[in-house]
Amino acid sequence: MRFLFQGDSITDAKRDKRNYHDMGNGYPKYATALIKEAFPSADIEFINQGISGNRTGQLFDRLYPDAIAFEPDVISILIGINDIWHRHGSGKVETTDEQIALNYRTILTRLKAQTNAKIVMVAPFLLDNEEKESWRPEVDRLIGIVRKLADEFADVYIPLDELFAEALKTQPEPQFYSGDGVHPNENGAKFIGKLYFDAIAPLLESML
């Protein structure tokens, strides 16, 4: 079984790009460790093709060489927060909500047409950060786009923003999972990895 992670810096997490089997320091590292522990006899090849800074349009541009060409059995996607980030600060790139939705839909349509992969969609998220509080309405709209597409295309959907919000209700340190609200620290990566494993395990059991 070939299992491919795709996305931006949250997936990339400083992986060694000379070796696509390197999971980096983010949630794929912890998710794959749990999968290997739970399914020790399974022959699963894990591939990480996340690229830091990517927006939905950039993922579409590299979709064939960095996803479809691998003929994955499972593809996991977490993308979109950079489309919001690039609307703010210097060097703005104004990707509209409509363009984000079209980019993402086109990605998913191509995956359905050109692979037999099961699709795992992970919702973008925004954690506590004073500088990014103003992003919340935009991120909520982005999550709504992803959720709607997941209803149509995904075999597994992980509502990460909601799950973080629930966890933070009992976490006294608001920046326990991330310093900047976007990039998970080790705590955040482990948290996502466990949630990811819990969500993906039933699918893997049905496939192995």
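**Exercises on a predicted model**

E71 has a relative accessible area of 62% and is therefore exposed (over 50%; buried is under 20% and partly exposed lies in between, for a 1.4 Å probe and protein chains only). The model is predicted, so that local features need pLDDT of at least 70 and side-chain atom pairs count only at pLDDT 80 or more, while totals for chains, interfaces and linings use all residues. Residues are numbered from 1 along each chain as its sequence is written, and side-chain values use heavy atoms, with hydrogens and water left out.

**Exercise 1.** Locate E71 and K14, and state the sign of phi in each.

*Solution.*
Step 1. E71 is in the loop between helix 4 (63-66) and strand 3 (74-78); helices (H or I, at least four residues) and strands (E, at least two) are DSSP runs, numbered from the N terminus.
Step 2. The phi of E71 is near 50°, which is positive in a residue other than glycine.
Step 3. K14 belongs to the loop between helix 1 (9-12) and helix 2. Its phi is near 65°, again a positive value in a residue other than glycine.
Step 4. K14 is exposed, at 76% relative accessible area.
Step 5. For comparison, most residues other than glycine have a negative phi.

**Exercise 2.** Describe the largest nonpolar core and the surroundings of V120.

*Solution.*
Step 1. A nonpolar core is a set of buried Ala, Val, Leu, Ile, Met, Phe, Trp, Tyr and Cys residues joined through side-chain atoms within 4.5 Å.
Step 2. The largest such core has 63 residues, and F3, I35, I77, V120, Y196 and I200 have the most contacts inside it. Helix 9 (residues 186-207) supplies the largest share of this core, nine residues.
Step 3. Leaving aside residues up to four places away in sequence, V120 touches V74, I75, S76, I77, V156, I158, Y196, I200 and L203 (contact: heavy atoms within 4.5 Å).

**Exercise 3.** Classify how helix 2 (residues 27-38) packs against helix 9.

*Solution.*
Step 1. The two axes come within 7 Å and cross at roughly 40°; axes are lines fitted to C-alpha atoms, for helices over the stretch in contact, and angles run from 0 to 180 degrees between N-to-C directions.
Step 2. Helix 2 is therefore oblique to helix 9, since angles under 35 degrees count as roughly parallel, over 145 as roughly antiparallel, 65 to 115 as roughly perpendicular and the rest as oblique.
Step 3. On the side of helix 2, the contact is formed by Y27, Y30, A31, L34, I35 and A38. Their partners in helix 9 include Y196, F197, I200 and L204.
Step 4. By class, this contact of helix 2 with helix 9 has 12 nonpolar, one polar and three charged residues (Ala, Val, Leu, Ile, Met, Phe, Trp, Tyr, Cys and Pro are nonpolar; Asp, Glu, Lys and Arg are charged; the others, Gly among them, are polar).

**Exercise 4.** Carry out the classification for helix 8 (residues 160-168) and helix 9, then place P174.

*Solution.*
Step 1. The axes of helix 8 and helix 9 are 11 Å apart, at an angle of about 120°. The two helices are therefore oblique to each other.
Step 2. L160, L163, F164 and A167 of helix 8 meet G188, F191, I192 and L195 of helix 9. This contact of helix 8 with helix 9 has seven nonpolar, one polar and no charged residues.
Step 3. P174 lies in the loop between helix 8 and helix 9. At 39% relative accessibility, P174 is partly exposed.
Step 4. P174 touches D128 and L168, not counting residues up to four places away in sequence.
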